[in-house]
Every structure is written in C-alpha cells, then in structure tokens.
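Me: I'd like to learn how to read a protein model. Could you walk me through one, feature by feature?

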Amino acid sequence: MHFGTGFSMDEAIKVNSLVMQFGKFRAVDGISFSVNKGEIFGLLGPNGAGKTTTIKMLTTLLKPTSGNAYVAGFDIVRDSNNVRKNIGIVFQDPSLDDELTGRENLDFHAILYNIEKNQRDKKISQILKLIELEDKADDLVKNYSGGMKRRLEIGRGLIHEPKVLFLDEPTIGLDAQTRRHIWDYIKKLNSVHKITIILTTHYIEEADYLADRVAFVDHGKIVALDTPRALKDKLGGDIISMQVQTGLASLEKGLKPLKWIKAASTHDGRIDLTVDEGEHQIPRLILIAEKHNATISSIELHKPSLEDVFLHYTGKNIRDEEGEGWKGRIRAMHAKRNR
Amino acid sequence: MQKGIDKMEINAVYVLWLRDIKRFIRAKSRIIGILMMPLFFLLGLGLGLGSLIHLSTGGSYLDFIVPGIIGMSLLFTAVSSGTAVLWDRQFGFLKEILVTPNSRISIVIGRILGGASTALIQSVIVILISILIGFNIHMSPALILAPVFMALIAATFIGLGLTLGSFISDFQGFQLVTSFFTMPLFFLSNGIFPISVLPQFVKYITYANPLTYGIDGLRITLSGSGTFSIWTDLAAMLISTAIMIALSAYAFKKTDVG
Ligand SMILES: Nc1ncnc2c1ncn2[C@@H]1O[C@H](COP(=O)(O)OP(=O)(O)OP(=O)(O)O)[C@@H](O)[C@H]1O
Ligand SMILES: [Mg+2]
C-alpha cells in the first residue's frame with residue numbers, strides 16, 4: 001500500500017488540491033477534503049460546479065491535471081487498479097447495456113467483480129427486490145422506463161458491496177417513494193455493511209437526510225464543509241415572520257427589550273425575527289402581541305436549510321428556479337446578515 | 001491472491017465475449033446486414049466476373065475468389081466492430097467496463113473473442129452458400145485450420161477497429177477513417193487476384209499486409225493451393241494478432257469515457 005503525505009488509516013478518501021483543467025477551463029480548482037471510514041459524505045453544488053468531474057477523477061476515469069488523492073488507501077493515478085477493486089459507482093449519466101436484460105446487466109457486473117455463482121444469484125434476487133424490478137428482470141433494458149433504468153443502475157452499483165461507494169446524483173428522476181427506499185438502503189449499506197459513501201446531489205433533503213458531512217462546491221472549489229447541523233447553526237437560528245394588521249409600532253417596541261430575539265427587521269407590515277428554536281417562541285410571541293394590542297394575521301416559521309447555507313456562502317441558490325418571493329427574501333436576509 | 005486475480009481476468013474475457021454473442025443473436029437484422037456484402041461479391045465477382053476469367057494458375061475463379069471474399073467480409077465486419085466502442089461510449093456502458101478492476105487487455109481480448117466468434121459464424125454461412133453456387137471445397141486434414149485462419153483474420157482487424165474506436169469518438173469520422181484503412185487493405189492483398197500478376201512494388205505492399213497471409217491460409221485450407229506455406233501464413237497471422245491485441249489494449253487504456 002502507498003500512504004501519501006498525511007494519509008491516515010481512518011480515512012477512506014483523502015483529496016489534496018485536486019485540479020482538472022479542460023483546455024482553458026478549470027472544472028475542478030484545487031479541491032481538498034477527506035472522508036472518514038464509515039462516513040456518508042455529500043457533495044452539494046449547482047450545475048457545472050465540478051462534482052461529477054471530481055468523482056470521475058476519484059474513480060480513476062479521468063486523470064487529474066494536478067494534485068493527488070487516495071481512495072481506500074491507494075493513489076488514484078499510480079495505483080488505479082487497486083482503487084477500482086475497492087470502489088463501486090453509480091454514474092450520473094446512463095451506463096447500462098440496453099440490449100441486455102436487467103438481470104444480465106446485474107449478472108455481468110457481478111461476474112466482473114468475481115462474485116461466485118450461487119452468491120451471485122442470491123445477491124441479484126435481493127437487489128431486484130430492493131429496486132422493485134423482479135417482474136421486469138428478464139426484459140431488455142431498452143424497454144424500461146427512465147425510472148426503472150435508474151433503479152437498475154443503482155442496484156448494479158450496490159451488488160458487489162465495495163469499500164467505498166460513489167453515488168453521483170443517485171436518485172435523480174425517481175419518484176418520492178422509490179427515493180425513500182433507496183435512501184434507507186443507502187443508510188443500511190452504510191451502517192450494517194460499513195460502506196463509506198460519497199454522494200453528490202441536487203436534492204437538499206437528500207444531503208440533509210443522508211450525509212454525515214456536506215461539502216458545498218461552487219465553481220470547482222469547496223466553499224464550506226461541515227455537518228449539516230453545524231452548517232445550519234452557523235446561520236444563527238430560525239426566522240419567524242409575522243404579518244401584523246394593527247399595532248405594529250407598539251409591538252415593535254414590546255419586542256425590543258427581549259434578549260432571546262437575536263435580530264429583527266420590519267418591511268411592509270411584516271416583522272422578521274431571528275430566534276433559536278422558533279417553534280417554541282411562536283406561542284410566546286402571540287401572547288406578547290395580545291399584551292400590546294397588536295393583531296397578527298399570519299405567522300410563518302422558517303428553519304434554515306442547507307439551501308440557505310449555500311445561498312449564504314455563494315449568494316445564489318443551488319437550483320435557480322427557487323428563491324423568489326418570501327422564501328427568497330428570508331434567504332437573502334440570512335445571507336446578508338451573516339456575510 | 002494471484003489465483004483470484006487470474007480468475008477475475010478470465011471472468012472479464014468471458015463476460016465481454018458472452019455479451020457480444022448475446023447481442024449478435026438478438027440483432028437479427030444485423031446478421032442479415034453483414035451477410036449481404038459477401039453475397040453480392042460472391043454473385044458479382046465469383047459468378048459474373050468469374051465466367052470471364054481463366055486463371056493462369058488453373059482452377060476455377062470461383063474457387064480462387066471464395067477465400068478472398070471470406071477474408072474481405074471478415075476484414076469489413078471486424079474493423080467496423082470498432083463502432084461498438086463508440087456505441088458503448090455513447091450509451092455510457094464504456095464507463096461501467098472501465099471502472100471495473102479488470103486489466104484493459106482482458107477486456108480487449110474478450111471483445112476480440114466475441115467478435116471473432118460471430119465472424120466465424122458469418123464465414124461458415126458464406127462458405128455454405130458458396131458451395132451451393134458451385135464452390136469446390138477441398139477436403140483435406142488442413143481444413144481444420146480454416147477456422148483458425150478466420151479467427152486470426154477477425155482478431156487482427158477487430159484489434160484495428162478497437163484501436164481506431166478508442167481514439168475516434170464521432171461516428172462519421174470513424175466511418176471515414178475505417179474506409180481509409182479497409183479499402184487499401186483489401187485491394188492491396190491477394191483477395192481478388194493472385195500476387196503473381198502484380199507489379200513488383202505492389203507485391204511488396206501486399207507482403208506487408210496481414211490480410212494477404214490470412215487469405216492465403218484460407219486458400220490453402222479451403223481450396224487446396226496457395227502462394228506461401230501454411231506455416232508462414234499461420235506465423236504471420238499469429239504475429240499480427242498479437243501486435244493488434246497489444247495495440248488495442250494500449251489504445252483502450254488511453255480512451256476517453258466521454
Ligand atoms: N470532458 C470535458 N471537457 C470539457 N469540459 C468539461 C468536460 N467535462 C465537464 N466539463 C465542464 O466542467 C464543468 C463541471 O462539470 P461537472 O459535470 O463536473 O459538473 P457537476 O457539478 O457534476 O454538474 P451537474 O450538477 O450538472 O451534474 C462544466 O462546466 C462542464 O461543462
Ligand atoms: Mg454531475
């Protein structure tokens with residue numbers, strides 16, 4: 001085994017200033033991070049951030065322009081074959097042979113990873129059950145729907161139970177129910193089989209639900225890295241937004257001395273407050289409003305999400321279609337205050 | 001440990017071979033497609049032109065041309081099998097193959113064996129049809145070497161196709177480049193005329209062309225007479241196959257998954 005500078009036995013992945021240059025364009029611009037054994041690590045970022053390119057380098061499909069990385073203890077360039085022995089990957093883009101059946105795709109994969117015949121059949125039927133393709137297993141993949149292909153693809157990546165599993169946007173294009181199943185299975189692979197998992201995703205909930213730690217990637221760089229909890233905590237708390245019909249001024253005055261309100265602002269009859277554990281503060285606020293003869297027409301509670309964290313660090317949303325209206329304004333507020 | 005690795009390599013060869021066979025059997029229209037060209041050549045060259053030609057070496061032109069046509073159809077299907085790499089890249093399956101812990105050489109060997117097996121089936125069909133239209137197959141013990149020559153011709157040129165397919169990713173470009181290779185390879189061989197009738201400098205070119213030895217080997221084993229000795233032919237084909245396997249394994253290592 002090669003242990004490079006600063007490589008520790010507890011690290012499943014160690015990345016040092018990895019760069020990928022396509023012509024004049026730097027898709028990955030000096031990324032460094034490490035993933036502990038047994039961890040689920042998330043890479044979050046908008047389209048074109050360089051997530052897939054990073055994964056391709058770590059899975060030996062692309063040779064980095066500079067920098068180095070170790071996966072399962074092996075150098076991705078010098079020892080790529082040993083890296084390949086220890087990893088599994090579910091690609092973002094399709095990678096099935098659609099002139100073969102679903103079962104054949106799984107079977108061929110299992111043979112390529114040297115799984116014995118009896119083991120193989122057992123594993124394959126387990127996987128087919130998980131991805132709910134038992135009754136379609138012997139149809140040609142070209143007759144599958146998009147979601148079925150995706151499920152097959154995920155199932156294939158899980159068969160050989162690698163040490164490190166790369167999932168590039170695993171649940172893209174799946175319905176909510178299947179997504180849940182897959183999430184639970186990913187969790188199980190991680191907790192029961194001790195597989196280290198690195199996943200990229202656009203789905204904030206996915207990263208939030210699955211990842212022990214999250215790295216935000218933007219323009220080929222990591223802009224923030226921590227546990228989802230810690231990242232959200234850095235934003236300073238929940239936001240309660242009250243639409244006040246009458247008595248705005250007296251309510252404002254009444255709120256001012258309260259220590260548990262960390263920040264407040266008013267726009268067009270709406271008061272936005274930053275507090276901890278917002279759900280417990282709402283009843284108190286209602287009582288205070290009554291005391292000051294203010295009438296509140298609506299109260300909304302906004303808990304910071306990883307989306308807000310991303311906005312905070314980059315000034316933009318992961319998926320640009322969001323961020324308009326009230327939510328957008330609240331997020332902008334988070335971003336401004338914490339910058 | 002060493003044993004485990006060997007087993008894996010054999011697995012890779014087996015899977016890629018099996019995949020080719022399954023795809024071949026399923027694609028009925030493709031089977032007909034690859035039989036069309038040799039059939040037209042058999043009819044046009046073998047029967048049409050053959051009725052006008054009397055070989056100085058004796059024997060019928062049909063008996064002379066059938067091994068040439070088999071060599072040609074092996075050449076064309078083999079080289080164009082390189083498009084499989086392009087399709088695999090297009091459909092992303094190339095990534096799946098390249099990320100598995102198998103050496104590039106076993107992947108290439110698996111593909112070559114798969115392609116060679118289907119090419120063999122194709123050649124046998126062409127021979128059977130030739131016999132129907134008057135080809136006198138020469139019955140001798142050497143006949144058992146005919147499939148060996150067919151496989152080696154296929155392997156050599158599948159190697160060429162895979163090499164080209166590894167470097168070229170657009171389909172039109174691939175077609176252009178392969179015809180740039182296949183046409184001279186075929187016409188500058190002993191496929192449609194004996195080497196003896198060629199001018200000296202063209203002779204040298206045909207001597208450097210592996211197809212010449214492949215077709216000569218087929219002539220000896222199928223029609224009973226050739227230019228070189230069967231061992232020369234066999235040695236030349238084994239060497240060219242080895243070189244092309246090595247070259248395509250190297251190219252495959254360098255290929256971009258797209
Ligand atoms: N082979 C290539 N040649 C040139 N540019 C490339 C190549 N591959 C990727 N890029 C560019 O690199 C950038 C990063 O791409 P990448 O696929 O890594 O993004 P991503 O973070 O995975 O995005 P998405 O969320 O859309 O999947 C993009 O701008 C892309 O156009
Ligand atoms: Mg991507």
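Reply: Here is a walk through some features of this structure, which is a predicted model.

Me: Let's begin with the overall picture. How many helices and strands does chain A have?

Reply: Counting elements is a good way in. Chain A has 12 helices and 14 strands. For its extent, look at the C-alpha trace, which spans about 75 × 50 × 35 Å along the principal axes of chain A.

Me: And what share of the residues of chain A counts as buried?

Reply: Of its 339 residues, 55% count as buried. You can also ask how far along the sequence the contacts reach. Among contacts in chain A with a separation of 6 or more, 70% are between residues 24 or more positions apart.

Me: Can we zoom in on a strand? Where does Ser17(A) lie, and which residues is it in contact with beyond its neighbours within four places in sequence?

Reply: Ser17(A) sits in strand 1 of chain A, residues 11–22. Setting those neighbours aside, Ser17(A) is in contact with Gly30(A), Ile31(A), Ser32(A), Ser66(A) and Gly67(A). Take Ser32(A): it is 15 residues from Ser17(A) along the chain, and their C-alpha atoms are separated by 4.9 Å. As for the surface, Ser17(A) has a relative accessible area of 40%, so it is partly exposed.

Me: There's a metal in here too. Which protein atoms are the donors of the magnesium ion, ligand 2?

Reply: With a metal, look for the protein atoms that point at it. Here the protein donors are OG1 of Thr52(A) and OE1 of Gln92(A), lying 1.9 to 2.0 Å from the magnesium ion. Thr52(A) belongs to helix 1 (residues 51–58) of chain A, while Gln92(A) is in the loop between strand 6 (87–90) and helix 3 (102–112), so the pair ties together parts that are 40 residues apart in sequence.

Me: Are those two donors buried or partly exposed?

Reply: Thr52(A) has 23% relative accessibility, so it counts as partly exposed. Gln92(A) is partly exposed as well, at 28%.

Me: What about backbone angles? Which value does phi of Glu132(A) take?

Reply: When you scan backbone angles, check the sign of phi and the residue type together. Phi of Glu132(A) is near 55°, a positive value in a residue other than glycine. Glu132(A) is in the loop between helix 4 (117–130) and helix 5 (146–159) of chain A, and it is partly exposed, at 41% relative accessible area.

Me: What is phi near in Asn293(A), and where does that residue lie?

Reply: For Asn293(A), phi is near 55°, again positive in a residue other than glycine. Asn293(A) lies in the loop between helix 10 (278–291) and strand 14 (295–302) of chain A. Its relative accessible area is 66%, which is over the 50% cut-off, so Asn293(A) counts as exposed.

Me: Over to chain B. Which residues of helix 4 are buried there?

Reply: Go along a helix and note who is hidden. In helix 4 (residues 83–91) of chain B, the buried residues are Thr83(B), Val85(B), Leu86(B), Asp88(B) and Arg89(B). Just after this helix comes Gly92(B), with a positive phi of about 85°.

Me: Is Leu74(B) buried or exposed, and what does it touch?

Reply: Leu74(B), in helix 3 (residues 61–80) of chain B, is buried, at 0% relative accessibility. Not counting residues up to four places away in sequence, Leu74(B) touches Ala119(B), Ser123(B), Met150(B), Ile153(B) and Ala154(B). Leu18(B), in helix 1 (residues 2–26) of chain B, counts as buried too, at 16% relative accessibility.

Me: Last one: at what angle do helix 10 and helix 11 of chain B cross?

Reply: For a helix pair, read the distance, the angle and the handedness. The axes of helix 10 (residues 210–223) and helix 11 (residues 230–254) of chain B come within 8 Å and cross at roughly 140°. The two helices are therefore oblique to each other, and helix 10 passes helix 11 in a left-handed crossing.

Me: Which residues meet there?

Reply: Among those in helix 10 of chain B are Tyr213(B), Gly214(B) and Ile220(B), and helix 11 of chain B brings residues including Ala236(B) and Met237(B). The residues of this contact divide into 6 nonpolar, 4 polar and 2 charged.

Definitions and conventions: Residues numbered from 1 in each chain as written. Chains lettered and ligands numbered in written order. Predicted model: local features only at pLDDT ≥ 70, side-chain atom pairs only at ≥ 80, totals over all residues. Heavy atoms only, no water. Axes fitted to C-alpha atoms, helices over the stretch in contact; angles between N-to-C directions. Helix = DSSP H or I, 4+ residues; strand = E, 2+ residues; numbered from the N terminus. Parallel < 35°, antiparallel > 145°, perpendicular 65-115°, else oblique. Left-handed = near helix turned anticlockwise from the far one by under 90°. Contact = heavy atoms within 4.5 Å. Nonpolar A, V, L, I, M, F, W, Y, C, P; charged D, E, K, R; others polar. Donors = N, O, S within 2.8 Å, 3.2 Å for Na, K, Ca; no water. Buried < 20%, exposed > 50% of the residue type's maximum accessible area, 1.4 Å probe, protein only.
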